[in-house]
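Me: Pick one part of this model and walk me through it closely, please. I'd also like a word on where to be careful with the coordinates.

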Amino acid sequence: MLLAKKLKSESPVTGSVLKLWISVLALIVLLIPRANADWVNLTGAEVAPNIAEIYVTDDGVTIALEIFISDLDTFADLVPDAWYKDPAQITATEDERLTNFGENVLSVIADGQKLPMELRTIDRRFRKKRASPYAGTVDPYSGRRFPSPPEDKRVVFAELYYPFSDGLPETVEFIPPKGEEGRPSASIGMIVFHDEVPVIDFRFFSTNAKLLLDAQDPWFSRFDNSALTRHHRYPRMSFLYAEPYEVRHEALIRVRDAAELVGLERTATALDEAQKDQLIKAAARLIAEKSPMSIDGKSVSPDFDRAAFMRIGLRGLEILAPGDPVNIDAAILGLIWSAPTDGFPKEAAVQWTLYDKNAPEVPGYAIDAAGPFLYTLTQEDPQMVWTNHFKKSPVPAVEEVEARPWADIELPGLSIGLWFVAVGLGIGTIVVTGKFKKASAAVGAATTVAIGFLMLPYAPVAVPRPGLVPAEMANEQAEVLAERLLSNVYRSFDFRGESQVYDRLAMTIDGDLLEEVYLDQRQALRIARAGGAHARVKSVNVSSATPEHIDGTAADFKIRTNWTIVGTVGHWGHIHQRVNSYEADLIISPEAGAWKIIGFEVHEQERLS
């Protein structure tokens, strides 16, 4: 329940503020996408009515085909005899139909030779969930609606296999089903893998597509059509983040490249747990040594923050869970180093000096609140520089919220002084002087009193508000106070130093209880970070606040507050954003002239986007 510090004992208050901290942590953690993709494919191919997942290995090509029931006629040769209700509809044997399908419907050609096709599996299923978070929503720029998958989720699933007759060929060409005049007879979205490496993101399979295979390194297999590619195609990337109170260097490097650079001996295609740890430590040391950082012209040695193994999934980079296999050719190692700063520096720079024939150029991104700045890093020009062009900090400062107008009462000090003087002089004169002087004293006292009234606006004196004179607060004032207090709590986590965070939070939350809850919440926040990135609240907007005075106190209030937050987390060149709304009661109390939150209870929370 909501509690006020001055009304309840210490134990219940502690529980109330613990609820506050748990709620605040939840607001921040909810911003973080856990093991989610950091890039979204918006072509619509991933929600096409028909889907072809194509896998190329040393032995052959496997196609996992989802056939939309409305397009079954195009793929009718795959339908087994047992599925026909009327045997009279069968005009050829199953073998004849499958041969025709491989030769004339969905064909695979290896080095100019058409491959035979085997049907390994066919059954009825429901469509896999591949839709992006934007599916069905309206693009605010174009006004068009992003594609969604068909409402009918029923599909026929078929696994097709096209074996190679003489090992891995140099080229493999895929021929989609075609109708009249060579136009595609069905809408098919496709994704292609060489071994476990995705060659492309989801694209529409509407024309012939020739794949050039790299037998030594599947990472570099590619289609001859430059439009058929993948978003994450670089084996190495470097990022320089300039954020309030921190400069970070983040690097992405393919596991195979990292292993070769540090001389990691391996015999299998995947790393075991010991090799993972060995690679992280060795790569972190090497890249830190070969990527010197400077801030405001001074060399700094950033602290190594953390590492994550990732893979390129159907929706971009996905963080691998502990224990997941790490494929040498397909997996990516992400590394993060961090250097704390006092606010924004004037300039920050980092170099990249690890190049070879597979990575003669490395994309670099210098990123701040205004957006990314792209660099092409080479041996001749290995440095990227971020320069502070902000006229003022994009992050508001954390400052105490003054409570004196409610905690104190202003009295007209000069006027009261004059009135006391007038009363004292008048009484004294009447007691010790004669009749004529009595009248003169009365005139003087009256004049002094009148002057006191004229001086009412001047020299006010603030005195503590007595409990019998409760403070009043308008809704508009409550909105401003709630927004400033909530912003203070969120902004405190922008700082990186432990003592910095603690001191900022103490400006807004009852200091007597900070130490008890601080360490647990900071540890929980660090655990919840996505791949080392910190969640940041970009804006706090209070839409309504209704204050209610707490009986028995001078200036304690319960404020029913509705607000939204826009939160972001950025790492490895990508920004995730989430908008949440909340309704909660805040208990605020004036402490040493500043408002402090001493109680908090969330009633509703909703993810808006």
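Reply: First, a term we'll need: pLDDT is the predictor's confidence in each residue, on a scale from 0 to 100. It matters here since this is a predicted model. The protein chain averages a pLDDT of 81, and 77% of the residues score at least 70. Two stretches call for care. Over residues 527-532 pLDDT stays under 50, and the model has 17 contacts for them beyond four places in sequence. Residues 29-37 also stay under 50, with 32 such contacts in the model. Where pLDDT is low, the predicted coordinates should not be read in detail, so don't lean on the contact lists there.

Now the part I'd pick: the seven-stranded sheet and what sits on it. It's an open sheet with mixed pairing, and its strands come in the order E19-E18-E21-E14-E13-E23-E24. At the edges you'll find E19 (316-319) and E24 (371-377), each pairing on one side only. From one strand to the next, the twist averages 25°.

Zoom in on the middle of that order. E13 (residues 236-243) and E14 (residues 246-254) are antiparallel partners, joined over eight bridges. If you want a register marker, use Tyr 241, which stands opposite Arg 248 in E14.

Two helices go with this sheet. H4 (residues 273-290) packs on it and touches E14, E18 and E21, its direction making about 50° with that of E21. H3 (residues 255-262) lies across E13, E14, E18 (303-313) and E21 (332-340), and runs at about 95° to E14.

What about the nonpolar side chains? In soluble globular proteins, these tend to be buried together. Here the largest nonpolar core has 39 residues, and those with the most contacts inside it are Leu 240, Val 255, Leu 279, Phe 309, Leu 333 and Trp 352. H4 supplies the largest share of this core, six residues. Phe 309 is a handy place to centre your view: leaving out residues up to four places away in sequence, its contacts include Val 255, Leu 279, Ile 280, Ile 319, Leu 320, Val 326, Ile 332 and Leu 333. Not every neighbour is nonpolar by name, mind you: Lys 276 and Glu 318 touch Phe 309 too. Apart from this core lies another, of 36 residues, with Val 105, Met 117, Val 156 and Met 190 among them.

One more residue worth a click is Arg 230, in the loop between E12 (222-223) and E13. Buried or exposed? With 3% relative accessibility, Arg 230 counts as buried, because the cut-off is under 20%. Its contacts beyond four places in sequence are Val 197, Pro 198, Val 199, Ile 200, Asp 201, Trp 219 and Ile 312. Take Asp 201: it is 29 residues from Arg 230 in sequence, yet their C-alpha atoms are 4.8 Å apart.

E12 also takes us to a second sheet. That one is open too, with five strands in the order E4-E3-E7-E11-E12 and antiparallel pairing. E4 (113-114) and E12 each have a single partner strand, so one side of each is left without a neighbour in the sheet. E3 (residues 107-110) pairs with E4 over two bridges, and Ala 110 stands opposite Gln 113 there. Across E3, E4 and E7 (171-175) lies H2 (residues 94-105), at about 65° to E3.

Terms used
Residues numbered from 1 in each chain as written. Predicted model: local features only at pLDDT ≥ 70, side-chain atom pairs only at ≥ 80, totals over all residues. Heavy atoms only, no water. Pairing = 2+ DSSP bridges. Helix = DSSP H or I, 4+ residues; strand = E, 2+ residues; numbered from the N terminus. Axes fitted to C-alpha atoms, helices over the stretch in contact; angles between N-to-C directions. Contact = heavy atoms within 4.5 Å. Core = buried A, V, L, I, M, F, W, Y, C linked by side-chain atoms within 4.5 Å. Buried < 20%, exposed > 50% of the residue type's maximum accessible area, 1.4 Å probe, protein only.
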